[in-house]
Amino acid sequence: MTAVLFVVSAADHWTLNDGTKHPSGFWGEELAMPHKIFSEAGWDITIATPGGKAPTLDRLSMSRTAGLPSKLREVARYLDSIQSRLNSPDALENIDPAQFDVVFYPGGHGPMEDLAYDPVSGALLTRVLHSGKPLALLCHAPAATLAAKNEDGTWPFAGYRMTGLSNTEEKLNSFGRKAPWFLEDRLREGGADYLKARLPLLPFLVVDRNLYTGQNPTSSERLAKRLVADLADTAR
């Protein structure tokens with residue numbers, strides 16, 4: 001059975017450049033739909049957060065601007081079905097990544113607040129990237145890679161083709177222009193070969209070696225299905 005680790009932000013806000021704390025957390029679709037797809041594929045799923053704190057759902061991800069009503073209802077139903085597991089995640093610091101076949105990071109603004117600076121997550125990302133096992137990060141979750149370092153202090157993701165929420169997409173949020181930094185800029189500055197869709201909000205994936213990245217929430221299902229297909233091919 002394929003074992004997948006979900007690393008989820010424990011943050012419940014994002015600190016903006018004026019010092020205000022914008023309520024945030026994980027994005028509903030980005031956790032629910034991949035979790036559903038992996039579960040239907042028969043994968044064994046473990047959820048972990050920094051400190052084992054129950055993650056916070058970003059309520060904006062369930063608002064009318066976040067997607068079609070039918071999709072939001074599907075996401076809400078699925079999150080309800082796994083709420084007990086979300087309420088009691090494993091502590092990230094107790095996780096051995098060697099026990100998992102795949103590591104997956106859903107987004108939301110939460111990772112911009114905590115995982116981008118978390119040394120435990122950073123060490124896990126570095127180890128998994130170098131292991132060759134599939135590593136997937138969605139939307140804002142590539143912010144977590146900023147905490148990763150090789151032994152010589154270099155960034156392990158330098159030179160990788162990858163995506164994540166674009167500057168344009170961030171600025172579509174009413175509070176986006178108060179961002180203390182933009183993910184696209186930081187990935188480029190770090191040495192990543194950042195790619196994005198020709199138009200904002202469209203599904204877009206980048207796969208480079210064992211690194212899988214999705215640009216935005218609409219990429220959630222496509223990313224999860226690509227992982228399932230690739231792992232099935234490997235198993236043959």
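Let's go straight to helix 7, where the buried residues are Leu 183, Glu 184 and Leu 187. These three cover an arc of only 100° around the axis, so they sit on the same side of helix 7. And what do the buried residues of helix 7 pack against? Their partners are helix 4 (110–113), strand 8 (161–162), helix 6 (167–171) and strand 9 (193–194). Just after helix 7 comes Gly 191, with a positive phi of about 110°. Please keep in mind, everyone, that this is a predicted model.

Now, the cores. The largest nonpolar core has 37 residues, and the members that touch the most other members are Tyr 105, Leu 135 and Phe 157. Which elements give two or more residues to this core? Helix 7 (183–190) is one of them, and with it come strand 1 (3–7), strand 6 (102–105), helix 5 (119–131) and strand 7 (135–138). Helix 5 gives the most, with four residues.

Let me stay with Phe 157 for a moment. Not counting residues up to four places away in sequence, Phe 157 touches Leu 125, Leu 129, Leu 135, Thr 145, Ala 148, Met 162, Ala 192 and Leu 211. There is also a second, separate core of 31 residues, and its members include Val 8, Ile 37, Leu 86 and Phe 104.

Two of those names come back when we turn to Ile 47, which lies in strand 4 (residues 44–49). Is Ile 47 buried or exposed? At 6% relative accessibility it counts as buried, because the cut-off for buried is under 20%. Leaving aside neighbours within four places in sequence, Ile 47 is in contact with Val 8 and Leu 86, and also with Phe 6, His 35, Pro 89 and Asp 90. If you'd like a distance across the chain, Ile 47 and Cys 139 are 92 residues apart in sequence and 18 Å apart in space, C-alpha to C-alpha.

I've kept a charged residue for the end: Glu 29, in helix 1 (residues 28–40). Glu 29 is buried, yet it has no salt bridge. Where is the nearest side chain of opposite charge? That is Lys 71, at 5.1 Å from Glu 29. Leaving aside neighbours within four places in sequence, Glu 29 is in contact with Lys 71 as well as Pro 34, Ala 66, Val 75, Pro 217, Thr 218, Ser 220 and Glu 221.

That's my tour, so thank you all for listening!

Terms used: Residues are numbered from 1 along each chain as its sequence is written. This is a predicted model: local features need pLDDT of at least 70, side-chain atom pairs count only at pLDDT 80 or more; totals for chains, interfaces and linings use all residues. Side-chain values use heavy atoms; hydrogens and water are left out. A nonpolar core is a set of buried Ala, Val, Leu, Ile, Met, Phe, Trp, Tyr and Cys residues joined through side-chain atoms within 4.5 Å. Buried means under 20% relative accessible area, exposed over 50%, partly exposed in between (1.4 Å probe, protein chains only). Contact means heavy atoms within 4.5 Å. Lys and Arg count as positive and Asp and Glu as negative; His and the chain ends are not counted. A salt bridge is a side-chain nitrogen of Lys or Arg within 4 Å of a carboxyl oxygen of Asp or Glu. The arc is that of the directions from the helix axis to the C-beta atoms.
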